[in-house]
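This report describes a single protein chain, moving from individual residues to helix packing and then to the chain as a whole. Please keep the sequence and the structure in view while reading.

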Amino acid sequence: MADAKRLGGTLPPWHAGPDPLRPEACASGAGGAPGGAYLEHGRKRGKAVRTIQGRESRLNAHIIPTIGDVQVAKWRIEHSRKVMEKASKTLHSARGKEDQRGAMAAMRKLAWRLDWLDRSIDPLDGLEIGRSTVLHGATAHYVDPRLRPETRQVRAMAAGADSLCGPDGTDPLMTRLPLFGTKIRVAGFGGLRLSEQNGLRAIDVFFDRGYVHVNGSWTTPRHAPGFRGPVKNHVIHEFPSPAP
């Protein structure tokens, strides 16, 4: 019985059987586990496919290989530190490390809720992620205004794409992308993510009113056909569009 109380596996932690943390625990109907319950909880809340896949990747890449054989009741801060040490070899941004710690925090909360771990024990106590001191907005994704393209430059790039990718183009690798110029305009003027661009439909574009309605995104899950799903965070929005 004691050997069954592990952080990884396919059966509930207080029953005979191996490793109950593994994500397939819930999918197989064999019962819960901190990792499997974490993924199942996200699915029930309607999280996006990419979000669930990200959580599963963090489980499989860092948590399970490091502490997959640790009993849930014996999960302690030293185990969590080992996970973060392993993750730090491939996660170099503060955001990535925060996401990794957040995954363990959610598993801890589920373990407490399901009475797999005594609430007086906090396996993340003292595990803080150092924050870098940067100016507001000056993150890795921040682009200095002096380096951002001007409107005339965006129009010139789109016009060039129209010429190269149009029916009069001579390069077959370019002519297979007839809407590349449109994608440049949508990305430059609307700031849409690539998945939101691919999810646009003709009925979402209102040239007469001067705006585009962004209400979906195209998602291609691993090992599954793509589909049109909701926008990120389910926030529908509009952006002004210049006349064609």
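Leaving aside its neighbours within four places in sequence, which residues is K86 in contact with?

## K86 and its surroundings

In this predicted model, K86 is in contact with A61, H62, P65 and T66, once its neighbours within four places in sequence are left aside. K86 itself is found in helix 4, the element that has the highest mean pLDDT in the chain, at 92, and that spans residues 77-87.

K86 and H62 lie 24 residues apart along the chain, yet their C-alpha atoms are separated by 6.4 Å. With a relative accessible area of 32%, K86 is partly exposed, because that value falls between the 20% limit for buried residues and the 50% limit for exposed ones.

## Helix 3 against helix 5

Two packed helices are described by the angle between their axes and the distance between the axes. For helix 3 (residues 49-67) and helix 5 (residues 94-113), the axes come within 11 Å and cross at roughly 90 degrees; the two helices are therefore roughly perpendicular to each other.

On the side of helix 3, the residues that meet helix 5 are R58, L59, H62 and I63, and their partners in helix 5 are D99, Q100, A103, M104 and M107. Sorted by class, this contact has five nonpolar, two polar and two charged residues. H62 thus appears both in the contact with helix 5 and among the residues touched by K86.

## Helix 8 and its neighbours

Helix 8 covers residues 180-190, and its buried residues are G181, I184 and V186. These buried residues pack against helix 6 (151-165), helix 9 (194-198) and strand 5 (237-240). Just after helix 8, G191 takes a positive phi of about 65 degrees.

Is Q197, which has its place in helix 9, buried or exposed? At 13% relative accessibility Q197 counts as buried, because the value is under the 20% cut-off. Not counting residues up to four places away in sequence, Q197 touches K183, V186, A187 and L192, and V186 is one of the buried residues of helix 8. By contrast, L179, in the loop between helix 7 (172-175) and helix 8, counts as exposed at 58% relative accessibility. The C-alpha atoms of L179 and C165, which are 14 residues apart along the chain, are separated by 7.6 Å.

## The chain as a whole

The chain has nine helices and five strands, and from the N terminus on the elements run α-α-α-α-α-α-α-α-α-β-β-β-β-β. Of its 244 residues, 33% are buried. Among contacts with a separation of 6 or more, 45% come from residues 24 or more positions apart. The chain exposes about 15,000 Å², of which carbon and sulfur atoms supply 55%.

## Confidence

The mean pLDDT of the chain is 77, and 80% of its residues reach 70 or more. Among the elements, helix 1 (residues 24-27) has the lowest mean pLDDT, at 36. The pLDDT stays under 50 over residues 1-6, for which the model nevertheless has 24 contacts beyond four places in sequence. Over residues 8-32 the pLDDT is also below 50, and this stretch has 83 contacts in the model beyond near neighbours in sequence.

Notes. Residues are numbered from 1 along each chain as its sequence is written. This is a predicted model: local features need pLDDT of at least 70, side-chain atom pairs count only at pLDDT 80 or more; totals for chains, interfaces and linings use all residues. Side-chain values use heavy atoms; hydrogens and water are left out. Axes are lines fitted to C-alpha atoms, for helices over the stretch in contact, and angles run from 0 to 180 degrees between N-to-C directions. Helices (H or I, at least four residues) and strands (E, at least two) are DSSP runs, numbered from the N terminus. Angles under 35 degrees count as roughly parallel, over 145 as roughly antiparallel, 65 to 115 as roughly perpendicular and the rest as oblique. Contact means heavy atoms within 4.5 Å. Ala, Val, Leu, Ile, Met, Phe, Trp, Tyr, Cys and Pro count as nonpolar, Asp, Glu, Lys and Arg as charged, and the others, Gly among them, as polar. Buried means under 20% relative accessible area, exposed over 50%, partly exposed in between (1.4 Å probe, protein chains only). Accessible areas come from the Shrake-Rupley method with a 1.4 Å probe; for residues, only the protein chains shown count as cover. pLDDT is the predictor's confidence in each residue, from 0 to 100.
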